[in-house]
Amino acid sequence: MSSILDTYARKPISFSKGKGSYLFTENGEKYLDFVQGIATNILGHCHEHLVNTIQEQSKKLWHVSNAFIIDEQEKLAKRLTENTFADFVCFQNSGTEATEASIKIARKYFHKIGKPEKNRIITFEGAFHGRTLAALFAANNPKHTDGFGPKVDGFDQVPFADEKALRKAINKKTAAIMVETIMGEGGIKVVPDFCIKGLRELCDEHEILLILDEVQCAYRTGNFFAFEKSGVNPDIVPIAKGIGGGFPLGACLVNKKVSVGMTEGTHGSTFGGNPLAMAAGNAVLDVILEKDFFKNVETKGEYFQDGLKKIKDKYPKIIEEVRGVGLIRGLKMLVDNDEFIKKLMNNKMLAIKASENVIRLFPSLIVSNKELDEAFVKIEKVCKEMS
Ligand code: PLP
């Protein structure tokens with residue numbers, strides 16, 4: 001019997017080794033991994049540059065308190081701000097902490113400018129922002145909140161894609177609207193560019209901050225961020241998962257305007273921004289900032305989408321819809337997603353479920369067309385089996 005608290009429905013398998021798009025069991029079975037730590041190992045398993053960087057950094061310096069200047073942190077923050085909308089970054093260890101920091105920063109901003117009554121945040125049904133109490137009640141998914149009351153106040157939730165309800169929910173106390181640019185756990189639901197523009201306009205009209213949670217989708221869409229094509233600049237963006245390439249790392253990116261509230265002592269973290277995590281974050285950037293990297297993600301994303309759509313067209317009673325952008329994809333299924341995932345696993349391919357009977361597919365960003373082809377063969381085989 002396991003000594004671990006039983007909070008996961010774990011598959012009865014473990015892996016001892018990973019390389020690129022593949023995971024290997026102790027007895028050498030090879031699995032095509034399109035879970036990649038749930039959108040986390042964006043350079044695949046054990047990418048050489050990441051391995052070397054972490055090894056080198058671990059010989060120099062692992063941890064030093066944020067009471068001192070951390071050069072690797074300065075470097076990563078500079079690169080993140082130079083390449084994005086952000087003017088400042090604060091580093092965390094996870095996505096949950098990054099969304100929690102976003103909530104704090106939004107509230108503190110209005111407090112600082114003399115409008116402390118503006119402290120409520122509008123969120124959307126089906127969202128996922130993490131597992132701290134505030135993040136839980138921000139998303140307000142009964143499956144996650146049940147038994148964890150009393151409810152954390154400060155959030156007003158509206159149905160996804162319901163503009164009327166959104167407008168109605170806005171009042172003098174609204175500080176921010178927080179939404180995932182691509183709803184991940186909710187079923188790979190993309191907020192279209194025109195909606196992101198509309199959200200920005202609405203926020204500006206009512207003096208509200210726009211928080212775009214990119215924890216799951218950042219770096220995956222052929223741009224730094226999924227919102228970039230909309231041309232909109234949000235105020236606050238929490239990121240995590242892929243930005244450390246598998247090393248625990250989160251960050252909250254903010255513009256200059258909202259940074260004013262976050263003065264000395266207002267936030268902190270023992271581990272956030274440690275040199276080892278920073279080295280990993282910088283190593284990921286070394287790779288993804290190479291010329292044409294994002295263009296390749298976009299091209300591969302189209303190839304991935306085309307292949308999945310062909311399978312959907314061939315099996316319209318199995319797959320209802322192909323969702324997503326770039327290399328963050330979801331298949332909305334007409335058969336049970338759990339059953340399909342199980343059968344994929346029997347065919348040595350790993351995928352992960354989401355709400356709305358969706359199967360999420362997260363290849364690494366350096367997946368080859370050959371590996372995508374392999375995925376198509378396995379997915380099609382299971383479609384045939386389940387027909
Ligand atoms: N926000 C979003 C959009 C996520 O998808 C997740 C995790 O799945 C989180 C926040 C929480 O991130 P973490 O699990 O790293 O705490």
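How far is an oxygen atom of the ligand from an N or O atom in the side chain of K241? The distance is 3.5 Å. The views below come from a predicted model.

**View 1. The ligand and the residues around it.** Twelve positions are listed here by stretch. S94, G95 and T96 are around the ligand, as are F128, H129 and G130. E180 and E185 also belong to this set. D213, V215, Q216 and K241 complete the surroundings.

**View 2. Side-chain contacts to ligand oxygen from T96, Q216 and K241.** An N or O atom in the side chain of T96 is 2.4 Å from an oxygen atom of the ligand. For the side chain of Q216, the corresponding distance is 2.6 Å. For K241 it is 3.5 Å, again between a side-chain N or O atom and a ligand oxygen atom.

**View 3. Helix α3 against helix α10.** Helix α3 covers residues 71–82, and helix α10 covers residues 275–288. Their axes come within 8 Å and cross at roughly 35 degrees. The crossing of α3 and α10 is left-handed. From α3, the contact uses E72, Q73, K75, L76, R79 and L80. From α10, P275, M278, G281, N282, L285 and D286 take part. By class, this contact has five nonpolar, three polar and four charged residues.

**View 4. Helix α2 against helix α10.** Helix α2 spans residues 48–60. The axes of α2 and α10 lie 9 Å apart, at an angle of about 150 degrees. The two helices are therefore roughly antiparallel. α2 passes α10 in a right-handed crossing. On the α2 side, H49, L50, T53, I54, Q57 and S58 make the contact. On the α10 side are P275, L276, A279, A280, A283, V284, D286 and V287. Nine residues of the contact of α2 with α10 are nonpolar, four are polar and one is charged. P275 and D286 of α10 also appear in the contact with α3.

**View 5. Helix α11 beside helix α13.** Helix α11 runs over residues 293–314, and helix α13 over residues 369–386. They pack at an angle of about 15 degrees, with axes 10 Å apart. Why is α11 called roughly parallel to α13? An angle under 35 degrees counts as roughly parallel, so α11 and α13 qualify. The crossing of α11 past α13 is right-handed. K300, Y303, F304, G307, L308, I311 and K314 form the α11 side. They meet N369, L372, D373, F376, I379, E380 and C383 in α13. The contact of α11 with α13 divides into eight nonpolar, two polar and four charged residues.

**View 6. A cis peptide bond at P150.** The bond from G149 to P150 is cis, with omega near 5 degrees. P150 is in the loop between α6 (142–145) and β6 (155–158).

**View 7. The backbone at A39.** Is phi of A39 positive or negative? Phi is positive, near 65 degrees, in a residue other than glycine. A39 is placed in helix α1, which covers residues 36–39.

Definitions and conventions: Residues are numbered from 1 along each chain as its sequence is written. This is a predicted model: local features need pLDDT of at least 70, side-chain atom pairs count only at pLDDT 80 or more; totals for chains, interfaces and linings use all residues. Side-chain values use heavy atoms; hydrogens and water are left out. Axes are lines fitted to C-alpha atoms, for helices over the stretch in contact, and angles run from 0 to 180 degrees between N-to-C directions. Helices (H or I, at least four residues) and strands (E, at least two) are DSSP runs, numbered from the N terminus. A crossing is left-handed if the near helix is turned anticlockwise from the far one by less than a right angle, and right-handed if clockwise. Contact means heavy atoms within 4.5 Å. Ala, Val, Leu, Ile, Met, Phe, Trp, Tyr, Cys and Pro count as nonpolar, Asp, Glu, Lys and Arg as charged, and the others, Gly among them, as polar. Angles under 35 degrees count as roughly parallel, over 145 as roughly antiparallel, 65 to 115 as roughly perpendicular and the rest as oblique. A residue is near a molecule or strand if one of its heavy atoms lies within 4 Å of it. A polar contact is a pair of N or O atoms within 3.5 Å; within protein, one must be able to donate a hydrogen and the other to accept it, and residues adjacent in sequence count only if both atoms are side-chain atoms.
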